[in-house]
Amino acid sequence: NNHGNTTNTRKVEVVYNGNIMDIEKEQPLLTMFDATCLCNNAYLSGNTVVGQPTEGALLYAAQQLGIQDRRKELKRINETDFNSDTKFMEVRYTVSENSCIDLTNTTNSKKSAEKSYLKGALEVILPQCVTYLNEKGEKTLLGPELKAHIQRQATEMASDGLRVIAVACGSTLNQYTFCGIAGLMDPLRDGVQDAVHRIQDSHAKVMMITGDA
């Protein structure tokens, strides 16, 4: 499986509802973290992240799962950078059956095609998706009930203090395949707690302003 050799390189165990998951059988999980690698400009140098910490964390998670970073295997043809207005990043590649295994392509065509990988705010990514990957890795219609379920899951993650990032991929604008959501925890910087306590002790009101959902 060229998409992600998890047999010998996996460094962590993934537990869901108390049970250890067999990563090799979880095609949607493989596809999601493959997409986060492809839609990424950071890289890992040993234990050091070169680039944005969020992108580095996603690369590190993929590495720990034994998922290969395929950016050197594919030809990047276009990139839309993340900004505070659009709230998503998109990277477009030329893909073919000879260069990689495209889990969301159900045809046997060997012709080269263009494919986009996106990550960003859920409220931006989800409306652009018309399908999702079921537990077998098959593209399935993404209906309103499932969209509402995804939104509830994201809200629950955000309420736990996680930054939620949605991931999608596909070949046609606004007809993408939803890959999943990832939750990242931002650790407090050193000294923040003491600084907040000092402000509170001075009877000033503390407010947090953030661009995150």
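Here are some friendly notes on this predicted model, point by point.

1. **The overall picture.** Let's start with the whole chain. The protein has 213 residues, and 37% of them count as buried. Its secondary structure comes to five helices and eleven strands. Among contacts with a separation of 6 or more, 58% are made by residues 24 or more positions apart. Keep that last figure in mind when you reach the points on single residues below.

2. **The largest core.** Which residues have the most contacts inside the largest nonpolar core? They are M32, F33, L65, I67, Y93 and Y117, in a core of 28 residues. Several elements feed into this core: the helices α1 (27-38) and α2 (53-64), together with the strands β6 (88-95), β10 (163-170) and β11 (176-184), each supply at least two residues. Helix α1 gives the most, with six residues. As background, nonpolar side chains tend to be buried together in soluble globular proteins.

3. **A second core.** There is also a separate core, made of 16 residues. L118, L142, A154 and V164 are among them. Try colouring the two cores differently in your viewer.

4. **How α1 and α2 are arranged.** These two helices deserve a look as a pair. Their axes are 9 Å apart, and the packing angle is about 135°. Are they parallel or oblique to each other? An angle over 145° would count as roughly antiparallel and one of 65 to 115° as roughly perpendicular, so α1 and α2 are oblique. Their crossing is left-handed.

5. **What meets at that contact.** On the α1 side you will find F33, T36 and C37, and these meet L58, L59, A61 and A62 of α2. Sorting the residues of this contact by type gives six nonpolar, one polar and no charged. F33 may look familiar, since F33 is also one of the residues with the most contacts inside the largest core.

6. **L58, a buried residue.** Stay with helix α2 for a moment, where L58 is placed. L58 has a relative accessible area of 3%, and because buried means under 20%, L58 is buried. What does L58 touch, not counting residues up to four places away in sequence? The list is F33, T36, N40, K119, I165, A182 and L184. The last of these is a good example of a partner from far along the chain: L58 and L184 are 126 residues apart in sequence, yet their C-alpha atoms are 8.7 Å apart in space.

7. **K72, an exposed residue.** Now for a contrast. K72 sits in the loop between α2 and β5 (75-80). Is K72 buried or exposed? The relative accessibility of K72 is 87%, so K72 counts as exposed. From the C-alpha of K72 to that of L38 is 9.5 Å, although 34 positions separate the two in sequence.

8. **Two asparagines with positive phi.** Most residues other than glycine have a negative phi. With that in mind, look at N17, whose phi is near 55°. N17 belongs to the loop between β1 (15-16) and β2 (19-20), and a relative accessible area of 66% makes N17 exposed. N174 also has a positive phi, of about 60°, although N174 is not a glycine. Its place is the loop between β10 and β11. With 43% relative accessible area, N174 is partly exposed.

9. **V206, after the last-named helix here.** To finish, go to the segment after α5 (192-201), where V206 is found. Its relative accessible area is 37%, so V206 is partly exposed. Which residues does V206 contact, leaving aside neighbours within four places in sequence? They are V196, I199 and Q200. V206 and V196 are ten residues apart in sequence, with 7.3 Å between their C-alpha atoms.

Definitions and conventions. Residues are numbered from 1 along each chain as its sequence is written. This is a predicted model: local features need pLDDT of at least 70, side-chain atom pairs count only at pLDDT 80 or more; totals for chains, interfaces and linings use all residues. Side-chain values use heavy atoms; hydrogens and water are left out. A nonpolar core is a set of buried Ala, Val, Leu, Ile, Met, Phe, Trp, Tyr and Cys residues joined through side-chain atoms within 4.5 Å. Buried means under 20% relative accessible area, exposed over 50%, partly exposed in between (1.4 Å probe, protein chains only). Helices (H or I, at least four residues) and strands (E, at least two) are DSSP runs, numbered from the N terminus. Axes are lines fitted to C-alpha atoms, for helices over the stretch in contact, and angles run from 0 to 180 degrees between N-to-C directions. Angles under 35 degrees count as roughly parallel, over 145 as roughly antiparallel, 65 to 115 as roughly perpendicular and the rest as oblique. A crossing is left-handed if the near helix is turned anticlockwise from the far one by less than a right angle, and right-handed if clockwise. Contact means heavy atoms within 4.5 Å. Ala, Val, Leu, Ile, Met, Phe, Trp, Tyr, Cys and Pro count as nonpolar, Asp, Glu, Lys and Arg as charged, and the others, Gly among them, as polar.
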